[in-house]
Amino acid sequence: MTTSRSRFSIALRRLRLRWTRWSHPVLGPFRARWRRSLMVRMMTITGLVTGFIVLIAGVFILTSIGSDLYTSRKDQALQDSARATLAAQRQIDASDASDRSGLSVLATSVRRVVQDASSSQLVYIRREPGQAPFPEAPPPSLTTNMLLDAVSPELAAAVTEGTDPQHWQSVTFVEDDGTTAPGIVVGSTLAFPAGAGTYDLFIGYNLADTQATLSFVQRTLLITAAAMMAFIGILVWIMSRILFRPLRAAAAASRRIAAGESDARMPQQNDEHFDVLSEGFNDMADTLQARIGELDQLSEMQQRFVSDVSHELRTPLTTIRLASEVLQNSPEGLPPGQQRAVEVLGTQVERFELLLGDLLEISRYDAGRVTLETEPTNLVALVEEVVEHLRPLSESAIEVRALGGYAPIEVDPRRIRRIIANLVGNAIEHGEGGDILVKIDSNAAAIAISVCDRGVGMTTEDLEHVFDRFWRADPSRKRTLGGTGLGLAIAQEDAAVHGGILEAWSRPGVGSNFRLTLPRGEHVTSYVSPLPLLPDGVEVDDGDPQSTGGWLRRPGRRIRKDKRR
């Protein structure tokens, strides 16, 4: 078990090391680009495969050329050495030297013949070791010490003991200045007269010119491979651009349609397959445009219907309200049952008037005909005013805690008052008699107002619909303050036209917290709310999406203002 764990730990560390290398500041962007772009993946794979093929072909060509050059020079060296050896042996056979001076002259003449008969000037002649001493034998003859150092004991032993007429070996010649060059040393034997014995003949062939030729070929192949890779890279890039052009056209057309350009279409690509894609995309865009037009028309008709109905109902509703007031103020009085019916009628007429007012307000928002009447407003004073007005309707304590926000800001006080009244009214409605805390705070960019209750709360599913029109978390629950079901929807629109955000947090059995955040001016484009969305005393639950961020509603949008003087 311990061994298994240690192996797992080692594998995990290796995986982390690989991930760290892959997350390198240089490799990280490439990795992200690799994952996002099919074109990058195709070009990279094509480049790697092409580079591998070029590398294999280059190695094969260089190996073949090098082997062919070396074999050719080796054969030339063997032939040249055999020719020089035969010429030297003929010179020896034609001589009748028998004393020391004659043999010395003969050795010098043999070396000169070898140099004249061969293409190399590197000649080394010596008496084979192991023979009987002969005082008259000529001494070794050497043209350069470079050849003496290059003759290895193995080659000397092969020439002395071997039966072949020639023996050769690849060597490295070292010049006096330390430079090196590849070469070949060919060894053979010469039979001297008058008992002088057998001599070894070593001829060295310098292959520096062959190495230079091979280096030139290598440089040429390298330059050719680099030019070929560049050409292939450019070709692949051009082909990729051509092949991905229809996809880019489709992406551009889809982005234009998503941006609201309903007449955007994908052009034909002069390809039977991509033209099918273009036709299908354009047919889909035509269908989508037709459906959007129908929906816009239906939405406009709905908005006009709501607005017209709301206006038209005001006149009969006013008549009914006047009739109800006349009946209530009748000097003769009414029986108790009828009196109660008249009171209920008056209450419902007032509620109906509130509903009509909210419907008109919603229709103005939908039509984009809302105008703000802004003035410098102290939000702390405004909140305290609203709370004092609603305090008699609450069975629980309502605390206003102003941590900041005393500096006036440009807002429409009527709409902000309506937001606060709606939030506090909902807290009274659903607070179950618990305490209600209204907090105000500010920072350099924004002012926030939160209304927190300790009531029944809402689930995550309910919270997603809390700002929907006419939505109720518990339809069976009785309304004590006579709401219309449009309060939070209108409050959200009121916050949006100020450039603010209205957010909500809630948890069943714990309570709810609504937070309104308003920027300090039109120049403020981004801001952080000075108040947390999570209420004080509530533990953060990592598994609850509401614990860390709440439910962010759409950011605010500015419209035309009329400033009061």
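Is Tyr 124 buried or exposed? Tyr 124 is buried, with a relative accessible area of 8%. Keep in mind as you read that this is a predicted model. The chain folds into 13 helices and 13 strands, and buried residues account for 37% of its 565 residues. Below is a friendly walk through the aromatic pairs, the salt bridges, one helix, one strand residue and a surface patch.

**The chain as a whole**

- The accessible surface of the chain comes to about 32,900 Å², and carbon and sulfur atoms hold 57% of that surface.
- If you take the contacts between residues at least 6 apart in sequence, 69% of them join residues at least 24 apart.

**Aromatic pairs**

- The count of aromatic pairs comes to three.
- One of them joins Tyr 124 and Phe 202: the ring centres are 5.8 Å apart and the planes meet at 25°, so the pair is stacked.
- Tyr 124 sits in strand β1 (residues 122–127) and Phe 202 in strand β5 (residues 197–206), so this pair ties together parts of the chain that are 78 residues apart in sequence.
- Phe 202, the partner of Tyr 124, is buried too, at 0% relative accessibility.
- Another pair is formed by Phe 467 and Phe 514, with ring centres 6.3 Å apart and planes at 80°, so here the arrangement is edge-to-face.
- This second pair also links distant parts of the chain, 47 residues apart: Phe 467 is in the loop between α12 (460–463) and α13 (487–497), while Phe 514 is in strand β12 (residues 511–519).
- Phe 467 is buried, with a relative accessible area of 5%, and Phe 514 is buried with a value of 8%.

**Salt bridges**

- Side chains of opposite charge can pair when their charged atoms come close.
- Across the whole structure, a search finds twelve salt bridges.
- Arg 415 and Asp 412 meet in one of these, at 3.3 Å from N to O.
- Where do these two partners sit, buried or exposed? Arg 415 is buried, with a relative accessible area of 4%, and Asp 412 counts as buried at 2%.
- Arg 418 forms a salt bridge with Asp 494, and their closest N and O atoms are 3.0 Å apart.
- The Arg 418 and Asp 494 pair connects helix α11 with helix α13, across 76 residues of sequence.
- Arg 418 is partly exposed, with a relative accessible area of 24%, whereas Asp 494 is buried at 0%.
- Asp 412, Arg 415, Arg 418 and Asp 494 are linked in a network of salt bridges.
- Elsewhere, Glu 399 forms a salt bridge with Arg 401, with the closest N and O atoms 3.3 Å apart.
- Both members of that bridge are partly exposed: Glu 399 at 39% relative accessibility and Arg 401 at 30%.

**Helix α11**

- Helix α11 covers residues 413–430, which is 18 residues.
- At 1.5 Å a residue, α11 should span 26 Å, and its end C-alpha atoms are 26 Å apart, so the expected and computed spans agree.
- An α-helix has 3.6 residues a turn, so residues three or four places apart point the same way.
- The buried residues of α11 include Ile 416, Ile 419, Ile 420 and Leu 423.
- Polar and charged names also appear among the buried residues of α11, including Arg 415, Asn 422 and Glu 429.
- Just after α11, Glu 432 takes a positive phi of about 55°.

**Ser 450 and its neighbours**

- Ser 450 lies in strand β10 (residues 446–453) and is buried, with a relative accessible area of 5%.
- Leaving aside residues up to four places away in sequence, Ser 450 touches Leu 437, Val 438, Lys 439, Asn 513, Phe 514, Arg 515 and Leu 531.
- Phe 514, one of those contacts, is the ring that pairs edge-to-face with Phe 467.

**A nonpolar surface patch**

- Which residues make the nonpolar surface patch of about 760 Å²? They are Phe 231, Ile 234, Leu 235, Trp 237, Ile 238, Met 239, Ile 242 and Leu 243.
- Ile 238 is found in helix α7 (residues 208–258).
- Ile 238 is partly exposed, with a relative accessible area of 36%.

Note on methods: Residues are numbered from 1 along each chain as its sequence is written. This is a predicted model: local features need pLDDT of at least 70, side-chain atom pairs count only at pLDDT 80 or more; totals for chains, interfaces and linings use all residues. Side-chain values use heavy atoms; hydrogens and water are left out. Helices (H or I, at least four residues) and strands (E, at least two) are DSSP runs, numbered from the N terminus. The expected span of a helix is 1.5 Å times one less than its number of residues. Buried means under 20% relative accessible area, exposed over 50%, partly exposed in between (1.4 Å probe, protein chains only). Patches are made of residues with over 30% relative accessible area and no salt bridge: like charges are joined within 9 Å, nonpolar side chains (Val, Leu, Ile, Met, Phe, Trp, Tyr) within 5 Å. Accessible areas come from the Shrake-Rupley method with a 1.4 Å probe; for residues, only the protein chains shown count as cover. A salt bridge is a side-chain nitrogen of Lys or Arg within 4 Å of a carboxyl oxygen of Asp or Glu. Contact means heavy atoms within 4.5 Å. Rings of Phe, Tyr and Trp (its six-membered ring) pair if their centres lie within 6.5 Å; planes under 30 degrees apart count as stacked, over 60 as edge-to-face and the rest as tilted.
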